[in-house]
Amino acid sequence: PNHTIMPNQIIPPPAKYGGRHTVTMIPGDGIGPELLNHARELFRFCCVPVDFEVVNVDSSVTSEDDINNAVTAIKRNGVALKGNIETNHNLPPSHKSRNNLLRTSLDLYANVMHCQTLPGVQTRHRDIDIIIIRENTEGEYSSLEHENVPGVVECLKIITRMNSMRLAEFAFRLAREKGRRRITAVHKANIMKLGDGLFLKCCKEVAAGYPDITFDDMIVDNTTMQLVSKPQQFDVMVMPNLYGNVVSNVCAGLVGGPGLVPGANYGENYAVFETATRNTGKSIANKNIANPTATLLASCLMLDHLRLHDHASVIRKAVLKTLSETQLHTADLGGQGTTSEVVQTIMQEVQRNGFLNPKHI
Amino acid sequence: MLYCSIKETTHTVTLIPGDGIGPELLNHVRELFRFSCVPLDFEVVNINSSITSEDDINNAITAIRRNGVALKGNLETNHTLPPSHKSRNNVLRYTGLDLYANVMRCQSLPGVQTRHKNIDIIIIRENTEGEYSSLEHESVPGVVESLKIITRNNSLRIADYAFQLAREKGRRRVTAVHKANIMKLADGLFLQCCREVASGYPDIAFDSMIVDNTTMQLVSKPHQFDVMVMPNLYGNVVSNVCAGLVGGPGLVPGANYGHNYAVFETATRNTGKSIAGRNIANPTAMLLASCLMLDHLKLHDYASMIRNAVFATMNESLLHTPDIGGQGTTSEMVQSVMRNIKSSGPLTTEL
């Protein structure tokens, strides 16, 4: 399918306010590079005033130079869009997950995933609208393990008052901002009394300062069971790292899979956007069958973060409209469409609705 | 009431009523066993969950050691007691009896409306270590370290159990669930042990999957799973997801096995405080757990008889309890099970 290119689109027009933003782009591995290329293509097409500074991270080497460069670039730009970086299992345990290093170096303490039933996607449950706020730097992801005695491994799960308090604050502020009614803390404090007990206590303390928002808690096993039977009961959920990982994936599965949900990682000073379930998608890389929805919606979250709300809305609307066309669905949604067809259709949709053309500003 | 013959030797089994819905459901089990002339005596051991003394739980452990088998309800963990007061259920599992394997067979039941049909997954969960080690400390104020322990011994043991069970039940594939990309040493060790054991069972396919992907796959395509083996916490989460998929906590029975002892209970170990004493709890999970116990005691005929009667009752939607969308009562369901047993012909001759 062809699309007409408007003549004055070849040279992007200058943005009216504040100049152009520079954003770090980390292609990652698997389907990351191709999907982020599409995002760049789409931004160029829509004249989004964003320039991408591409930083590649080689996941097959033990040197930490690449990831340190990436961290420096993000510190400079403040914002990044990334694909998942593969963790090479053949390298020794001292070789830490690059994604994890990025998160901890930039202190991106809050991972936010908004899980919504999307139009046009057939799922077993309807009307899901859950915001999951997950602690992103400590907990089980502390990478602190040792084998004191041969054959006996101790893995440390760290929970601190500081991180639990700040995550709870983040959660309640976000809930208030978005007009949400209820926050549920997910934990296993009946078994991990000190660790999850501390997390729960911090949530309760913060909750006391937000009387307009209802606070309750639920044990993680019951939570996952409730999610698969009655997900509509949940509003906003806040939890430590590992439970966040599991609950995010359950919710992603409920609304249609890893190809649909965008994710955001926020710190005091930096923000990094990616797909919510962080899949590398090695087996479907370069086959033009990956679902671009999650990545494109993540780029919209980024645009919102940069206060480019109009651009974000235009692209988001186009993505959702395209999603409702079942014949274009990619393989993960049960269809046979290709990534490029989906992206072309989104561009056509944007064009049809009139993107932000300099003549209109 | 059927007339019972007194020819068979009677087993003695420890019964721990527990809290919440435990006592009433276990009463129904006893009632049903009496009705069906099951040659079993129950030695009831009560455990008071509101006190810190460990006498009660130690008595229970002694009784189970003596009898070898137990049927239990869940014991409430009182959160107002200090952290040194450990979960009584946990103490039973790892301290006293070394019940290292928790087995849950998750099957779609006839007559229960669910979003997925024909699920049949066996989940084997390490039951004594991992995140449930209860080893925590606050070295620095505001910083808590929780130790997750994975040992080669326990990992090999549970992997061995999983493959043996899979072979016994004619299953084709075992999937290890882990998060070794992040917990490289701990879950890495678990995974390595599974691989070692797998090489001794070439007739059974072995693969592995990261826990987050596993839960996502479970909610979209559960039929791809056959037998799953995993450490404690993932087992907890995955069990609950699967229980939710087949209809909820009221339906699935669970078993905890050690080398010498076995304890049976509901798979998702819910206390059910809010529905206790109201005659609305679903007895299915507990009744099926008692059938697992009968199978363990090699009383297969009784087990089949009761199990078939429970399935026949499940088919009658009018009797469904509130957890599966109905308005029936616990006693109505139990009565129906008894009627089904009677009409299927008594196991023992009538005098």
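This passage describes the interface between chain A and chain B in a predicted model, together with one annotated region of chain A. Residues are numbered from 1 along each chain as its sequence is written, and chains are lettered from A in the order in which they are written. Local features need pLDDT of at least 70 and side-chain atom pairs count only at pLDDT 80 or more, whereas totals for chains, interfaces and linings use all residues, and side-chain values use heavy atoms, with hydrogens and water left out.

The contact (heavy atoms within 4.5 Å) draws 54 residues from chain A and 54 residues from chain B. The buried area, that is, the accessible area (1.4 Å probe) that two parts lose on being put together, summed over both, is about 4,600 Å² between chain A and chain B, with carbon and sulfur atoms giving 67% of this value. No salt bridges (a side-chain nitrogen of Lys or Arg within 4 Å of a carboxyl oxygen of Asp or Glu) are found across the interface of chain A and chain B.

Strand S7 of chain A (152-160), where strands are DSSP E runs of at least two residues and helices are H or I runs of at least four, numbered from the N terminus, is joined by nine bridges to strand S7 of chain B (residues 143-151), and the two run antiparallel; strands pair if DSSP finds at least two bridges between them. Within this pairing, A:Thr160 stands opposite B:Val143.

For residues 22-346 of chain A, an unreviewed UniProt entry lists "domain: Isopropylmalate dehydrogenase-like", an annotation that may be inferred rather than shown by experiment. Over residues 22-346 the chain is 39% helix and 21% strand, and the end C-alpha atoms lie 24 Å apart.
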